[in-house]
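Work through the exercises below with the coordinates open. Try each task before reading its solution.

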Amino acid sequence: MVKHLNAIPTKHAKLVKWVEEWAELCEPNGIYWCDGTNTEYYALCEEMVQSGLATRLNSKLRPDCVLFRSDPSDVARVEARTYIASEKQEDAGPTNNWIAPAELKATMRELYKGCMHGRTMYVIPYSMGPVGSNIAKIGVEITDSAYVVINMHVMTRVGNKVLEVLGDDGEFVPCIHSVGKPLENGESDNGIWPCAPMEKKYIAQFPETREIWSYGSGYGGNAILGKKCLALRIATVQARDEGWMAEHMLILKLTNPEGKVKYVTGAFPSACGKTNLAMLIPTIEGWKVETVGDDIAWMKFGKDGRLYAINPENGFFGVAPGTSMQSNKNAMLSCRQETIFTNCALRENGDIWWEGIDIDLEPGEKLIDWKGNVWEAGQVDADGKPVKAAHPNARFSARGRNCPAIAPNWEDPAGVPIDAFLFGGRRPSTLPLVYQSLSWEHGVMIGSSVGSEVTAAALDVKAGTVRRDPFAMLPFCGYHMADYFAHWLEIGKVAGAKLPKIFCVNWFRKTADGRWLWPGFGDNSRVLKWIFERCDGEGKAQETAIGYMPTEDAIDRTGLDSVSDADMKELLALDVEGWKKEVASIREHYAKFGDKMPKELLAQLDALEARLAKC
Ligand code: O2Y
Ligand code: MN
């Protein structure tokens, strides 16, 4: 019997039995129940600083901040090792990896045997969403990583207050995590956490039994299991079965100069600036954007028929490189204190640094790079390629409450009523700056065909190829993507529903010679203003083959000299020939989903094609 290192804080017999069974298998030194207090958080930070796993940053420049370095092979989510282990393969669909649950559990059980030797097993009761909210869900993560525990403190709501809501027999999503077997001669002694080789890493979701098993990685979404594993992969299945929505969406609060408020959510594939949009500082006089969430939205119908959204998270797991006071001042201020940095570079003055932070180094200043090596500006590798000081997927885990733009009601357990859904990707051509769907079903078609153009170099594909990422959910949907499209259509049929309006935005249009047509960042508030007006049945628009488009004078360009009349014309032009190619490309994308593809969406695509033929 593995000993408990502190008092068991719950009478939930099923939970205690589950924890003790896993302890028997994993054989840790002891079981520690996390209480979620600051004392616990800082004690774990100090322990990791003392053991060499973490570096404490300069307490004047970055109070209460720590820096971690991961194994160079453990730096991002591993989609190739992520599984939706439903009983039937057809329920996982063609876009998810699948192994039969019994087979996967048998394989993983072997890996978990004795995997926590020499380590503590932490038990983390956590709530996704404000504790006690009727939209929130409870999970319990078992992990052998103190780094994961402190990240769960930042990203979720942890501890005894969650156990109180859970009571003696409440429902929870069991989540088991281990970084992998320790080295033969004890823990790694090079200041990084261990991990398993790629072929032994598994990030497994069991949708029918609502379980998460993760082995072999200590990084981000692979290990902080409340985020992508519970709040998206498991929650999409719960949402489908219970009639709500779990989406990969930011949530922002938009206030006009008269003080009128609208709430907007937005789904964009990775690297399209979701966090930047959620924390935007408007360039138009009198408008305000406040942040409710930057990554995930859970939405349920209220009694008034509107969709109410909560941010299930408690913080931001933001990508560091490229973040600066220019690109995202609010994110920079969010991570000034109480922040966990991972795979960033360390300055001589005890501050962090990354590419694109827009902070000049002292002449000749040497950094410690994300691999722990000495680094100098201009350094190149043996092939003459620049060596990066921070890993491109380096992260900051910052608390929501430290964001200067956080909406005062961001933790409202009832959620916020959503007025508009935005979809977008990186599309240098064809898609206009913004347009509005003609109907809910048309909007679902727009969401289901979201994509970003990839560069030929990046993916070994033809330049201009669009990588489709429907609803920005490709790696995060816990069931067949076509059934998920059908769920979106079902939401549109709920009796008495007062649905958000749907818009497609594209901040990434370029001219034929490669110049950006739209400045983006704070100037995206000008597009948000038009969306706000459209939600009120105002805002100048014309009906076109692809949807409602702003007239050329509809977007407020006051004080925006960089976008000429000709640029605006190009940003809002209907490129009929480009759209005909787009229809063909969406048809190819839909074909991947076979017979399960909802007929309504195929009909929407046919209707779009017919409208374009008339142009
Ligand atoms: O590499 C990771 O584990 C992080 S991925 C991530 C982190 C924060 C928000 N979104 C994402 C994503 O991949 O969508
Ligand atoms: Mn995300």
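The exercises cover the ligand sites, the aromatic pairs, a helix and some single residues.

**Ground rules**

This is a predicted model, in which local features need pLDDT of at least 70, side-chain atom pairs count only at pLDDT 80 or more, and totals for chains, interfaces and linings use all residues. Residues are numbered from 1 along each chain as its sequence is written, chains are lettered from A and ligands numbered from 1 in the order in which they are written, and side-chain values use heavy atoms, with hydrogens and water left out.

**Exercise 1. Describe the shell around ligand 1.**

Step 1. Collect the neighbours. A residue counts as near if one of its heavy atoms lies within 4 Å. This gives 14 residues around ligand 1. The closest are Arg77, Gly221, Lys228, Asn393 and Arg395.

Step 2. Sort the shell by type. It has four nonpolar, five polar and five charged residues. Here Ala, Val, Leu, Ile, Met, Phe, Trp, Tyr, Cys and Pro count as nonpolar, Asp, Glu, Lys and Arg as charged, and the others, Gly among them, as polar.

Step 3. Find the helices. Helix H7 (220–223) and helix H8 (226–242) each supply at least two residues of this shell. Helices (H or I, at least four residues) and strands (E, at least two) are DSSP runs, numbered from the N terminus.

**Exercise 2. Find polar contacts of ligand 1 and state how much of its area the protein buries.**

Step 1. Set the cut-off. A polar contact is a pair of N or O atoms within 3.5 Å; within protein, one must be able to donate a hydrogen and the other to accept it, and residues adjacent in sequence count only if both atoms are side-chain atoms.

Step 2. List the contacts. A backbone N or O atom of Gly221 lies 2.8 Å from a ligand 1 oxygen. For a polar side-chain atom of Asn393, the distance to an oxygen of ligand 1 is 2.9 Å. For a side-chain N or O atom of His248, it is 3.2 Å.

Step 3. Take the area. Alone, ligand 1 exposes 360 Å², and the protein buries 89% of that. The areas use the Shrake-Rupley method with a 1.4 Å probe; for residues, only the protein chains shown count as cover.

**Exercise 3. Which protein atoms are donors of the manganese ion (ligand 2)?**

Step 1. Search for donors: N, O and S atoms within 2.8 Å of the metal (3.2 Å for Na, K and Ca). Water is not among the atoms, so sites may look incomplete.

Step 2. Read off the hits. They are Lys228 (NZ), His248 (NE2) and Asp295 (OD), lying 2.2 Å from the ion.

Step 3. Write the spacing along the chain: K-x19-H-x46-D. Lys228 sits in helix H8 and His248 in the loop between strand E11 (245–247) and strand E12 (250–255), 20 residues apart.

Step 4. Check burial. Lys228 and His248 are both buried. Buried means under 20% relative accessible area, exposed over 50%, and partly exposed in between (1.4 Å probe, protein chains only).

**Exercise 4. Why is the pair of Trp244 and Trp298 edge-to-face?**

Step 1. Fix the criteria. Rings of Phe, Tyr and Trp (its six-membered ring) pair if their centres lie within 6.5 Å; planes under 30 degrees apart count as stacked, over 60 as edge-to-face and the rest as tilted. The structure holds 30 such pairs.

Step 2. Warm up on Tyr41 and Tyr42. They form an edge-to-face pair, with 5.0 Å between centres and 90 degrees between planes. Tyr41 is buried at 1% relative accessibility, whereas Tyr42 is partly exposed at 26%.

Step 3. Apply the test to the Trp pair. The centres of Trp244 and Trp298 are 5.3 Å apart and the planes are at 65 degrees, so the pair is edge-to-face.

Step 4. Place the partners. Trp244 lies in the loop between H8 and E11 and Trp298 in strand E15 (residues 297–301), so the pair ties together parts 54 residues apart in sequence. Trp244 is buried at 1%, and Trp298 is buried at 0%.

**Exercise 5. How many residues of helix H13 are buried?**

Step 1. Take the range, residues 481–491.

Step 2. Count. Eight of its eleven residues are buried. Among them are Tyr484, Phe485 and Trp488.

Step 3. Cross-check with the rings. Tyr484, Phe485 and Trp488 belong to one aromatic cluster, whose members also include Phe421, Trp440 and Phe593.

**Exercise 6. Compare the settings of Asp64 and Ala271.**

Step 1. Read phi. For Asp64 it is near 55 degrees, positive in a residue other than glycine. Ala271 has a positive phi of about 65 degrees and is not a glycine either.

Step 2. Locate them. Asp64 lies in the loop between strand E2 (54–56) and strand E3 (66–68). Ala271 lies in the loop between strand E13 (261–267) and helix H9 (274–278).

Step 3. Classify. Asp64 is partly exposed at 40%, and Ala271 is exposed at 59%.
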